[in-house]
Amino acid sequence: MTGQTLAIEGLTATAVIDGQRHILVDDLSLAVQQGRILALVGASGSGKSMTCSAALGVLPPGVTMAAGRVTIDDVPYGATALRGRHVASIMQNPRSAFNPVRTMRDHAAETLRALGTMGADAEDRIAHCMQAAGLEEVKAVLSLHPFEMSGGMLQRMMIALALLGDAPFLFADEPTTDLDLVVQMRILELLEKLVEERRLGVLLVTHDMGVVARLADDVAVLDHGRLVEQAPVMTIFHQPGHPVTRMLVNAHLSLYGMEAIA
Ligand SMILES: Nc1ncnc2c1ncn2[C@@H]1O[C@H](COP(=O)(O)OP(=O)(O)OP(=O)(O)O)[C@@H](O)[C@H]1O
């Protein structure tokens, strides 16, 4: 069973800085398959987040998508149609994603409204997604404000909200960066489980090659906005082809050794 394929094709994002046009993402193409995790790696500033933002039509002010399109099984989709319904997203620093004066119940209701799916079964769906994200005490958690929750709980809630749309794809932008090591591991285990159980296709932005070794099936390497290498994870670690890939792998190996990826 192969499932759907989401393709980003010829994506180019530009910004005018001090009167000069800069290319932040340069004619980038990649494909994410349902049931697989594609890690998007590269040095800081290489364009990983901008790639996700451009594909989902949520670029920051001043940055323009100059070219490109997103297709699912060769059918092109506009960003508004993609977001939530076909592609869910989670990002780093979950605390900043929540409104500090609203409860989790408010956030869940707002997500359902945005998806246009506030049906009679709304409560059940919220509970189901929260449980899938490892939040068992549904009623208690729904009554909490962000400041009453840990970073790990907030990230689980963000994942629960992402699951509400039942999208086949998930873009996860550094989902564990701001969490402590134990919580990081639990969130990674959760992502792995969701890919297995729901056959999500995940585009995982990370700078952490340990996370790549642990989770990814395939790896795409960015350098200055360009895709310089794409290969299965084992090839990336054992036969990195591009100097940037070698640099990322060597930096990881010099810190942690080969055991983690054997
Ligand atoms: N609002 C903006 N306007 C113009 N340029 C921007 C803006 N935000 C980011 N950039 C530039 O776009 C490029 C790509 O940034 P991006 O955030 O995608 O990098 P990244 O690979 O995700 O980095 P990191 O790992 O540090 O998050 C960088 O050169 C960055 O300086």
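# Worked exercises on a predicted model

In helix 5, the buried residues are Ile126, Cys129 and Met130. Keep in mind throughout that this is a predicted model.

## Exercise 1: the faces of helix 5

**Task.** Work out on which side of helix 5 its buried residues sit, and find what covers them.

**Solution.**
- Start with the trio itself: Ile126, Cys129 and Met130 are buried.
- Now look around the axis. They cover an arc of only 100°, so they end up on the same side of helix 5.
- Next, the cover. Helix 4, helix 6 and helix 7 are among the elements packed over the buried residues of helix 5.
- Finally, step off the end: helix 5 is followed by Gly134, with a positive phi near 85°.

## Exercise 2: helix 4, length and packing

**Task.** Check the span of helix 4 (residues 104–115) against 1.5 Å a residue, then decide how its buried residues are arranged around the axis.

**Solution.**
- Length comes first. The expected span is 1.5 Å times one less than the number of residues, so the 12 residues of helix 4 should span 16 Å. The end C-alpha atoms lie 17 Å apart, which agrees.
- Pick out the buried positions: Met104, His107, Ala108 and Thr111.
- Viewed down the axis of helix 4, the buried residues fall within an arc of 100°, so they line one face of the helix.
- That set of buried residues packs against helix 5 (122–132), helix 6 (138–142) and helix 7 (151–163).
- Just after helix 4 comes Gly116, which has a positive phi of about 70°.

## Exercise 3: how covered is helix 7?

**Task.** How many of the 13 residues of helix 7 are buried, and what covers them?

**Solution.**
- Geometry check: helix 7 reaches 18 Å from its first C-alpha to its last, close to the 18 Å expected at 1.5 Å a residue.
- Burial: 12 of its 13 residues are buried, so helix 7 is mostly covered. Among them are Gly152, Gln155 and Arg156, along with Met153, Leu154 and Ile159.
- Cover: the list includes strand 6 (87–91), helix 3 (94–97), helix 4, helix 5, strand 7 (169–173) and helix 8 (181–198).
- Now the core. The largest nonpolar core has 75 residues, and Leu38, Val202, Leu204 and Val212 touch the most other members. Helix 7 gives the most to this core, with nine residues.
- Zoom in on Leu38: setting aside neighbours within four places in sequence, its contacts include Leu30, Val32, Val202, Leu204 and Asp218.

## Exercise 4: two aspartates with a positive phi

**Task.** Where are Asp27 and Asp73 placed, and is each one exposed or partly exposed?

**Solution.**
- Background: most residues other than glycine have a negative phi.
- Asp27 has a positive phi of about 50° although it is not a glycine. Its place is in strand 2 (residues 20–33). With 15 other C-beta atoms within 10 Å, Asp27 is partly exposed.
- Asp73 also isn't a glycine, and its phi is positive, near 45°. You'll find Asp73 in the loop between strand 4 (63–72) and strand 5 (75–77). It has 10 other C-beta atoms within 10 Å, so Asp73 is exposed.

## Exercise 5: two loop residues

**Task.** Place Pro100 and Ser150, and say how each is classed by C-beta neighbours.

**Solution.**
- Pro100 is in the loop between helix 3 and helix 4. It counts as exposed, because it has 9 C-beta neighbours inside 10 Å.
- Beyond four places in sequence, Pro100 is in contact with His145, Pro146 and Phe147.
- Ser150 is in the loop between helix 6 and helix 7. With 13 other C-beta atoms within 10 Å, Ser150 is partly exposed.
- One distance for Ser150: its C-alpha is separated by 9.9 Å from that of Val183, 33 residues apart along the chain.

## Exercise 6: the ligand shell

**Task.** Which residues come nearest to the ligand, and which element gives the most to the shell?

**Solution.**
- There are 15 residues around the ligand, and Ala15, Ser44, Lys48, Ser49 and Met50 come nearest.
- Strand 1 (5–17) and helix 1 (48–55) are the elements that give two or more residues to the shell.
- Helix 1 gives the most, with three residues.
- By character, the shell divides into six nonpolar, eight polar and one charged.
- To link back to the loop: Pro100 and Ala15 are 31 Å apart in space, C-alpha to C-alpha, and 85 residues apart in sequence.

Note on methods: Residues are numbered from 1 along each chain as its sequence is written. This is a predicted model: local features need pLDDT of at least 70, side-chain atom pairs count only at pLDDT 80 or more; totals for chains, interfaces and linings use all residues. A residue is near a molecule or strand if its C-beta atom, placed from the backbone, lies within 6 Å of it. Helices (H or I, at least four residues) and strands (E, at least two) are DSSP runs, numbered from the N terminus. Ala, Val, Leu, Ile, Met, Phe, Trp, Tyr, Cys and Pro count as nonpolar, Asp, Glu, Lys and Arg as charged, and the others, Gly among them, as polar. A residue is buried if 20 or more other C-beta atoms lie within 10 Å of its own, exposed if 12 or fewer, and partly exposed in between; C-beta atoms are placed from the backbone. The arc is that of the directions from the helix axis to the C-beta atoms. Two residues are in contact if their C-beta atoms, placed from the backbone, lie within 7 Å. A nonpolar core is a set of buried Ala, Val, Leu, Ile, Met, Phe, Trp, Tyr and Cys residues joined through C-beta atoms within 7 Å.
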